[in-house]
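Okay, thanks for coming, everyone. Let me put the structure up on the screen, and then I'll talk through it.

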Amino acid sequence: QPSNIEIGETVKEDKEFTSYLFSFSLDPTLSGKEKKKVTGIINIPSGNGPFPAVVMFRGYVDQELYKTGDGTRRAGEYFAQNGLMTIAPDFLGYATSDSEAGSIFESRFQTYTTALVLLNSLNSIPNWDGTNVFIWGHSNGGQIALTLLEITGQAVPTTLWAPVSKPFPYSILYYTDESEDRGKLIRRELSEFEETYDPDLYAIDLYYGKIKAPLQIHQGTADDAVPREWSNELTKKLDELEIDFDYFVYPGADHNLNPSWNKTVNFDLTFFSNHIK
């Protein structure tokens, strides 16, 4: 169900764009019994508009350290300086959004619900041109983007920066050494989850064939969070499925595509402009 995106206070004024907080409500359980608020940041270019929109999904950030806009700020402002409206949700449990679910896996799956509602609610923003929408996803946000494209089957041109493309639950287990308990809680909850559910139903690599969108994929060779092999495997599968994509590999670039960041965002700008209707 679409929601109403409400534009809130101004957080940054630039001669080429203005950044605002925004919020919208959704039922993350899809039961019709719950209503939660999700906040985020929207960058609206200066001028009359209306503008094409880029929906942006960030990667993992520690909840205790997270501030609205983290993970998308730099690219979002760059796109806004170049005439694209950008909108990036915080997700439940982050910034001033309402709390996430009690279960770590339910919380994870609710990021997809949040992303779907946001994508379906753009018509409530008067500055959007009503036609052109793109997706930008980094790291775990890349997995959210891929999942969204599989669920909807919509041909939304999408650019992915070092996407987490390994299937659930390996996509979570791979990072468990970074948690304080070395992954004990996650493995315990996963064991309970698998007693009830088939993990293959949640594995994105089994549903790549549902993707109808043109893709652009960026990967650095010095990425210490998403191995280059993952993106190599992803593009091999997409190629076998005859899905339209371009794949750029940046020698020596890290997880945030530095020192090739400028080249990467300009590739994205060209990609978006080539798909404007």
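I'll go from the overall fold to the empty spaces, then a helix pair, and finish with some backbone oddities.

First thing to keep in mind: this is a predicted model. The protein chain comes to 7 helices and 9 strands. Its radius of gyration is 18 Å, close to the 19 Å you get from the globule rule for 277 residues, so the chain is as compact as a globular protein of that length. If you like boxes, the C-alpha atoms fill one of roughly 55 × 45 × 35 Å along the principal axes.

Right, pockets. The largest pocket has a volume of about 1,600 Å³. It is lined by 48 residues, and those closest to its centre are Tyr60, Val61, Asp62, Tyr94 and Asn140. Elements giving two or more residues to that lining are H1, H2, strand E6 (128–138), H3, helix H4 (170–173) and helix H5 (184–196). Which of them gives the most to the lining of the largest pocket? That's H2, with 7 residues. By class, the lining of the largest pocket has 19 nonpolar, 19 polar and 10 charged residues.

Now the second largest pocket, with about 810 Å³ of space. Here 36 residues do the lining, and Leu30, Phe109, Tyr112, Thr113 and Leu116 are the closest to the centre. Strand E2 (17–26), H2 and H3 are the elements that give two or more residues to this lining. H2 gives the most here, with 8 residues. The class split for the second largest pocket is 16 nonpolar, 12 polar and 8 charged.

So what about enclosed space? The structure holds 1 cavity of 30 Å³ or more, and the largest cavity has about 40 Å³ of space in it. Its lining is Ile41, Asn43, Met56, Thr72, Arg73, Gly76, Glu77, Thr86, Ile87 and Ala88. Strand E3 (36–45), helix H1 (73–81) and strand E5 (85–89) each supply at least two residues of that lining. In class terms, the cavity lining has 4 nonpolar, 4 polar and 2 charged residues.

H2 has come up for both pockets, so let's look at how it sits against H3. Helix H2 (residues 104–119) and helix H3 (residues 140–152) pack at an angle of about 65°, and their axes are 10 Å apart. Is that crossing left-handed or right-handed? It's right-handed. On the H2 side, the contact uses Arg108, Thr111, Tyr112, Ala115, Leu116 and Leu119, and they meet Asn140, Gln143, Ile144, Thr147, Leu148, Ile151 and Thr152 in H3. Those contact residues divide into 7 nonpolar, 5 polar and 1 charged. There's some overlap with the pockets, too: Tyr112 and Leu116, from the H2 side of the contact, are among the residues closest to the centre of the second largest pocket. Asn140, which is on the H3 side, is one of those closest to the centre of the largest pocket.

Last bit, the backbone. Gly49 and Pro50 are joined by a cis peptide bond, with omega about -5°, and Pro50 is in the loop between E3 and strand E4 (51–57). The bond from Asn258 to Pro259 is also cis, with omega near 10°. Pro259 lies in the loop between strand E9 (245–250) and helix H7 (261–274). And then there's Ala162, which has a positive phi of about 40° although it is not a glycine. You'll find Ala162 in the loop between strand E7 (158–161) and H4.

That's my tour, over to you.

Conventions. Residues numbered from 1 in each chain as written. Predicted model: local features only at pLDDT ≥ 70, side-chain atom pairs only at ≥ 80, totals over all residues. Heavy atoms only, no water. Axes fitted to C-alpha atoms, helices over the stretch in contact; angles between N-to-C directions. Helix = DSSP H or I, 4+ residues; strand = E, 2+ residues; numbered from the N terminus. Left-handed = near helix turned anticlockwise from the far one by under 90°. Contact = heavy atoms within 4.5 Å. Nonpolar A, V, L, I, M, F, W, Y, C, P; charged D, E, K, R; others polar. 1 Å grid on protein atoms, 1.4 Å probe; cavity = no way out; pocket = protein on both sides within 12 Å on 5 of 7 lines; lining within 4 Å. Points joined across faces, edges and corners; volume = space filled by probe spheres on them. Rg over C-alpha atoms; globule rule 2.2 N^0.38 Å.
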